[in-house]
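Please open the model in your viewer and keep the sequence panel visible. The tour below proceeds by selections, each followed by an account of what is found there.

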Amino acid sequence: MAKRKLLKGNVGLCYGAIAARCNAFFGYPITPQNEVPEYMSELMPANGGVFIQAESELAAINMVYGAAAAGKRAMTSSSSPGISLKQEGISYIAASELPCVIVNVQRGGPGLGNTLPGQADYFQAVKGGGHGDYRLLTLAPWSVQDCYDFMPMAFDLADKYRNPVMILMDAIIGQMLEQVDLHNDFPVTDFPKPWATNGAKSRTHNIVNSLWIDPDVMEELNNRLKAKYEMAQREETRFQEFYTKDAELVLVAYGCPARICRTVVDLAREEGMRVGLLRPITLYPFPSQQIAALAQNGKRFMVVEMSQGQMVEDVRLAVNGMADVAFYGRTGGIVPNPTEILNEVRASFGKPPVVSYYQNTAPCKEATN
Amino acid sequence: MHQEIRIAGMGGQGIMIIGQLLAHATVLEGSNVVWFPTYGPETRGGTAECTVIVSSEEIGSPVSSSPHALIALDQLLLDKFAQSVRREGLIMVNSSLAKAPDYRDDCQIVALPANDIAEELGSSKAANMVMLGAYVQIVKPVSLDSIIECMTEVLPPHNHRFIPLNKAALEKGAQLV
Amino acid sequence: MEKVFERTKGLTDTEFGYCPGCHHSVLHRMVAETLEELDILDKTVGVCPVGCAVFMYEYMSCDIIEAAHGRAPAVATGVKRVIPDRIVFSYQGDGDLASIGTAEIVHAAARGENISVIFINNTTYGMTGGQMAPTTLINQKTTTCPTGRNPAVNGYPIRVCEMLATLDGPSYIERVCPTSPAGFAKTKKAIRHAFENQIAGKGFSLVEVLSNCPTHLRMTPIETYRRIDEEMTKVFPPGVFLDR
């Protein structure tokens, strides 16, 4: 039976992991994702799974590596600085072609940064992150419902592609409370794991390894990975569009900024500006084809991120010079509000800015939101 | 119905709790809600603020450019956010610890000595409930009964002994406006 | 004709690529024989290190995972926790276990993880060319302390067994010295005990094997044995540190 609850995004992830029949969670405390290990320390044992608070992020991701090699569904979660520490392990997991799920509740950076929302780990997430030629399939929730729903999808993708999957979110999505339908209605696919190192009973022994001394064999692995990513590009690219059909300007954003842009689209349309929104759900594979198609149809683009401009590079690659791509970003933990994005939109339509009341010293129109 | 509320005060004043009570009561009554917090870096004694958006429609932005209402429990946070309230909005001031702003004559300003009122009822710690009760009475995003019903779920078990006090403070706040 | 000795089923047919006189070959064989003798070959998952023994997966016929440098105890923890009825061991050198992987081994021991760790201490980094290790002896020359390990600059060698024996988590910790027939017999017995302990569910077991590196020490194998007996055992005394 459907069960509606008011949960934080971080907690929604945990219920999603249980629904995904996750066997093991290994993590380390870091703000703003602490609800994840806290809830998992109760939920995992209660559901017959394993929870360990590891001694470090390095140990946590390597415990994931071991549990995944043993053929079980394993995950870890962290926030920006902790995800940097996991990169070595993630590279090994990708190279060893093991499935796992990694959650990054992004905070302000670089360095220790702060515990406020950020999106500056986009490159790290979608371009590989660690050393070597590999990619993470990357999902970007924008609601607590997504946090719940994406976990089973992430584990299925990880098993299907034998590749790590990242849930890339930000502190707002992780920390906000929102209603979620804990429907527990997910397709259950059986993924046989004949490669698992779980005891060579009645078969020859299995090896989980990422060391290939022979360059031909090493290149073969790289080619195999590439083929997987091309297949993912064809089969797994997911995105959502709002009013793009007649739009003159298409906003492109993911996570919390996409939610904010969704409101901006309504505000802009109330003022007669034809604005749409494309929200990538998979950041890798990226919806390049759809963006290219929109560019071909003469749309302009504006990318909104909580970074100095990372996803905008993928939008520009997709557009490939066919259209203008503007960018608006805030950093440091500052979340752009609808009015400031609306003002960017207005500027691109040659209109003067509106202001929130508190800035209202200049004689111009007041914001309606 | 679409209400954006900012609640702000110092850590320990129960800012997050009254925001969460409002959020849970909204869900109980079948509307949509988003709540999100901003903490200072300190575990104790820093500033605390949260945003609650209550709506009969699907909620887009969880971030408010300019809220309909501000509930400020402390002077520092009142000064920080009073200007952000939208024109003709509502500013609720805990006058035990803050002076009502004289620069927002467009807004409805409600000043309640919430700490003193709560103190009379048993503890100044229930000042947050006085403010919430008054807010719910004025704006009516949800009923007081729904707020009370959510207390058991929202308050941690070790604080359930304060529910009678919280209920009294909530109702007192509602009576005073 | 009676067959009195045969290759253990615990090893594959691949010929060892280790340097002549190196301890790894015989220690691999001891682990492999133990798995066969205890009849756990088909339920064992090994975790190999980065270092010379990185290729252990080529030689062992049980399931095996190649771990990142130093992380074998964490990988072994991940495996053991999700399939606790299997036998899990790690095999690590001194650079792997006592330098880059110090945190992992200390915490696996502190948690009392029910795994068996075979720790090969030869006081140098063999695979990368004979650099200074965390267990390099004072005044020992290596390619990164060419005038000898100077404590004022390089600090002191780490005694892993003594350090881990201060913890409440481990069940069995022993340092062995395979430089004589009796020493080899004792080593084999210790390795077997580490696995028996795990089968009995007793928790974390570690066997430190004082070992050699004829190539980088520029010694004959016999000379390396003498060095172990006369120099290494002074810093790393053999013995049982814990068995509970």
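Which residue in E2(C) is the bridge partner of A:Ile207? Select A:Ile207 together with strand E2 of chain C, bearing in mind that this is a predicted model. The partner is C:Ile64. Now extend the selection to the whole of E10(A) and to residues 63–66 of chain C, which form E2(C): the two strands pair in the parallel sense, over two bridges.

**The interface of chains A and C**

Next, display chains A and C in full. Here 32 residues of chain A are in contact with 33 residues of chain C. The area buried between the two chains is about 2500 Å², and carbon and sulfur atoms give 62% of that area. To see where chain A contributes to this burial, select A:Glu55, A:Asn62 and A:His205; these residues lose the most area to chain C, together 20% of what the chain A side buries.

Proceed to the charged and polar pairs. Select A:Lys201 and C:Asp42, whose side chains meet in a salt bridge with an N to O distance of 3.3 Å. Across this interface the rule finds four salt bridges. It also finds 16 residue pairs in polar contact, with both residues at pLDDT 80 or more.

Then colour chain A by element. Those that give two or more residues to the side touching chain C are strand E2 (24–27), strand E3 (50–53), helix H3 (57–69), helix H4 (80–95) and strand E10 (207–208) of chain A. Select H3(A) among them: this helix supplies the largest share of that side, eight residues. Colouring by residue class instead, the side of chain A that touches chain C shows 18 nonpolar, nine polar and five charged residues.

**The other chain pairs**

Show every chain. Of the two pairs of chains in contact, chains A and C share the most contacts. Now select chains B and C. How far apart are their nearest C-alpha atoms? The distance is 28 Å, and the two chains do not touch.

**A hairpin within chain A**

For the last stop, return to chain A and select residues 100–108, strand E5, with residues 114–117, strand E6. These strands run antiparallel and are joined by two bridges. At A:Gly108, look across to E6(A), where A:Asn114 stands opposite. Finally, select the five residues between the strands of this hairpin. Within the hairpin, A:Gly111 takes a positive phi near 70 degrees.

How values were computed. Residues numbered from 1 in each chain as written. Chains lettered and ligands numbered in written order. Heavy atoms only, no water. Contact = heavy atoms within 4.5 Å. Buried area = accessible area lost by both parts, 1.4 Å probe. Polar contact = N/O pair within 3.5 Å; in protein donor to acceptor, adjacent residues only side chain to side chain. Helix = DSSP H or I, 4+ residues; strand = E, 2+ residues; numbered from the N terminus. Nonpolar A, V, L, I, M, F, W, Y, C, P; charged D, E, K, R; others polar. Pairing = 2+ DSSP bridges.
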